[in-house]
Amino acid sequence: MLPRRVALNCLARTCCINAAVTARGMQQIGLAFVLAPALSRLYPENTARARAFARYGGHSNTHVFMVPLYVGIVLSLEEQIARGSLPEGAVGAVRETLATTLSALGDSFFSGTLLPLWALVSVCLLLAGQIGLTAALAALFLALLLLFRILTFFAGLRHGMPVLARLKRLNLINWVDRLKMLNAVMVALVVWQLPLRHKPPFPWLHYGLGTAAILGAAWLVGRMRLPRILLWALLLGALILMDEGLISM
């Protein structure tokens, strides 16, 4: 097991992994920077250390929120290689697949679901004049994110690849579908709180149809797997027809 000081150094560096993103290698430079303290500790000989860094000389990219888990698992494999329990080629066999899998999960759960949920809830609170509550919610989300990064890093470092089985049991993909339905409800609440509702006469029909359309679109995407791009195309077409006066509201 790596010393706590070295592990914490690597964990802190994960916050900077996108500081040197390149079009060709993506997080390649950042990953080497993150792993440097651990690889220097595990491989005191120059030749072995050079080979270790060379294993991460290619393209590397995963979701920024999943980077600590990714780094923890990679360091767990490197510890086994340093002890002689695994061959040096073991990392290369799983690194790209691991990064792609965690990236897809992060894009779906965090970027596609939780971040929009936080944004929509914040908009609703701001429209209601709850500025302090909005700031408190942002601080809570940030604290939970930091806790998630810390816990996943040390879980990956301690358990290695088996931690993915535990992550699978959380069933985050199914939670994505449920939370996206909640996002649709939040969108309807945002529309309900727009300043237009204060203008007489109140457009009950328009608001009702808009809310039903949002919830219906969420149901189609979540249950019938209808491509979201098709719904966006229909919405864009309707807006163009409204702008041309072919559809009146």
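Visitor: What makes glutamate 96 and arginine 95 a salt bridge?

Guide: Their closest N and O atoms are 3.8 Å apart. A salt bridge needs a side-chain nitrogen of Lys or Arg within 4 Å of a carboxyl oxygen of Asp or Glu, so the pair counts. This is a predicted model: local features need pLDDT of at least 70, side-chain atom pairs count only at pLDDT 80 or more, and totals for chains, interfaces and linings use all residues. Residues are numbered from 1 along each chain as its sequence is written, and side-chain values use heavy atoms, without hydrogens and water.

Visitor: How many salt bridges does this rule give?

Guide: Two. One joins glutamate 78 and arginine 55, with the closest N and O atoms 2.8 Å apart. That pair links distant parts of the chain: glutamate 78 sits in helix H4, arginine 55 in the loop between H3 and H4, 23 residues apart.

Visitor: Why is glutamate 78 called buried or exposed?

Guide: Buried means under 20% relative accessible area, exposed over 50%, partly exposed in between (1.4 Å probe, protein chains only). Glutamate 78 has 0% relative accessibility, so it is buried. Arginine 55, at 15%, is buried too.

Visitor: And which class does glutamate 96 fall in?

Guide: Its relative accessibility is 35%, so glutamate 96 is partly exposed. Arginine 95 has 7% and therefore counts as buried.

Visitor: How do you know that leucine 151 is exposed?

Guide: Its relative accessibility is 54%, so leucine 151 counts as exposed. Leucine 151 lies in helix H6, residues 131-159.

Conventions
Helix = DSSP H or I, 4+ residues; strand = E, 2+ residues; numbered from the N terminus.
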